[in-house]
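Colleague: I am new to reading structures, and I would like a close look at one part of this one, the second largest pocket. Could you take me through that part slowly, and then through its surroundings?

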Amino acid sequence: MKFLIIIPAHNEENNLPFTLDSLLHQTYRDFKIVVVNDGSTDGTREVVKRYTDLDSRFATINLEKSAHQPGSKVVNAFNKGLQTQEMEKFDIICKFDADIILPEDYLETVKNSFQKNPQHGLIGGLLYVEKDGGWVYEGNSNRHHVRGPMKAYRKEGFLQMKGLRETLGWDNIDAVLLENLGWREVVLPELHVKLIKVKGADYTIRPADYYGRYFYFLGLRRLLAYIAASKEALKSRSVSFFFAIVKSYEHCRSEKLELKISKEEQKIINGQRWKMLKKKWLKI
């Protein structure tokens, strides 16, 4: 099985060498890597050139700086990279971030899992962050969800769900659509992926605005969005945080901002959310 690995990168000269080195030293070597330099103003371009000069499996494209919002920006860069490649040559499509360090058996383990389990459509490991001189589980999501920095898709499933959406919530939308198509999302807990910097550190949008927009672009209906907002407010122990999220969500609704999912996909996403809610809280 051959991997196509696409890595969007914006001003990652300090982190990208760790990511590319970890790929260079993988035990499984049948892959191609495309680094999408998304308008970097630092030395990212020069970093990538060192690897493209060293190994023919590394390639790059250079874009003008994207004006897209968080979530859509990284997928826009990913899609630009994808458009330069011949999909029929590959079996596994990966979207990796430019600030992760993969264990050397990462690709081999993912490949074996795909080969042994024909129903697996999306595979990844667990994210770890540095703390007090060691690496600890990040814990920002459940252990059954493949995080955005390290997505590996079986090509058939990727094509069936029509690729990644250029929107906030893309890394949850993909999992829901794949599940609806009969594919499984699988986390391999033995694969520890080191995350060099905290996700969202580059975002300028306020947290409440982020969540409101996130719930809107995920396609959540009003009641589900309010429930999701209340959960975030409970974490922060702030009633005002709930109302700020709701205000952001309702602003998106009033502006009728374009969703990147179809009406049918929105129905699927809301149905899956209700199913999860009933299972977790109502024990149905």
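Modeller: The second largest pocket in this predicted model has a volume of about 160 Å³. Its lining is made up of Y216, G219, L220, R221, Y249, R253, L259, K263 and Q266, and the elements that give two or more residues to that lining are helix 9, residues 239–255, and helix 10, residues 263–282. If you sort the lining residues by character, you find 4 nonpolar, 2 polar and 3 charged.

Let us begin with Y216, which is part of the lining and also belongs to helix 7, residues 207–217, where Y216 is buried together with A208, G212, Y214, F215 and F217. The cover over the buried residues of helix 7 includes helix 6, helix 8 and helix 9, and helix 9 is one of the elements that give two or more residues to the pocket lining. After helix 7 comes G219, which has a positive phi, near 95 degrees, and G219 is itself one of the lining residues.

A positive phi deserves a short detour, since most residues other than glycine have a negative phi. Elsewhere in the model, R237 has a positive phi near 55 degrees although R237 is not a glycine; R237 is found in the loop between helix 8 and helix 9, and because its relative accessibility is 80%, R237 counts as exposed. D132 is another residue that is not a glycine and yet has a positive phi, of about 50 degrees. D132 lies in the loop between strand 6 and strand 7, and with a relative accessible area of 78%, D132 is exposed as well.

Returning to the lining, L220 is a residue to look at twice, for besides lining the pocket L220 takes part in the largest nonpolar core, which has 51 residues. In that core L82, I93, Y153, F158, L164, F215 and L220 touch the most other members, and F215 in this list is one of the buried residues of helix 7. To see what such packing looks like, take L82, which touches L4, I6, M87, I93 and F158 when residues up to four places away in sequence are not counted. Apart from this core lies another, of 35 residues, among them L23, F31, V48 and L127. L23 can be found in helix 1, where it is buried along with L16, P17, T19, L20, S22 and L24.

The charged side of the picture begins with R253, a lining residue that is linked with R222 and E250 in a network of salt bridges. The structure holds 13 salt bridges, and one of them involves helix 10, which also contributes to the lining: E265 forms a salt bridge with R165, with the closest N and O atoms 2.4 Å apart. E265 lies in helix 10 and R165 in the loop between helix 5 and helix 6, so the pair ties together parts that are 100 residues apart in sequence. Are the two partners buried or exposed? Residues under 20% relative accessible area count as buried, so E265, at 14%, is buried, and R165, at 10%, is buried too.

A pair in helix 8 makes a useful contrast in how far a salt bridge can reach along the chain. K235 forms a salt bridge with E232, the closest N and O atoms being 3.3 Å apart, and both residues lie in helix 8, 3 residues apart, about one turn of the helix. An α-helix has 3.6 residues a turn, so residues three or four places apart point the same way. The partners do not share one setting, however, because K235 is exposed, with a relative accessible area of 62%, whereas E232, at 13%, counts as buried.

For a last example, K73 forms a salt bridge with D38, where the closest N and O atoms are 3.1 Å apart. This pair links distant parts of the chain, with K73 in helix 3 and D38 in strand 2, 35 residues apart, and D38 is buried, having a relative accessible area of 3%.

How values were computed:
Residues are numbered from 1 along each chain as its sequence is written. This is a predicted model: local features need pLDDT of at least 70, side-chain atom pairs count only at pLDDT 80 or more; totals for chains, interfaces and linings use all residues. Side-chain values use heavy atoms; hydrogens and water are left out. On a 1 Å grid over the protein atoms alone, a cavity is a set of points where a 1.4 Å probe fits but cannot get out, and a pocket is an open set with protein on both sides within 12 Å along at least five of seven lines; lining residues have an atom within 4 Å of a point. Grid points are joined across faces, edges and corners, and a volume is the space filled by probe spheres set on the points. Helices (H or I, at least four residues) and strands (E, at least two) are DSSP runs, numbered from the N terminus. Ala, Val, Leu, Ile, Met, Phe, Trp, Tyr, Cys and Pro count as nonpolar, Asp, Glu, Lys and Arg as charged, and the others, Gly among them, as polar. Buried means under 20% relative accessible area, exposed over 50%, partly exposed in between (1.4 Å probe, protein chains only). A nonpolar core is a set of buried Ala, Val, Leu, Ile, Met, Phe, Trp, Tyr and Cys residues joined through side-chain atoms within 4.5 Å. Contact means heavy atoms within 4.5 Å. A salt bridge is a side-chain nitrogen of Lys or Arg within 4 Å of a carboxyl oxygen of Asp or Glu.
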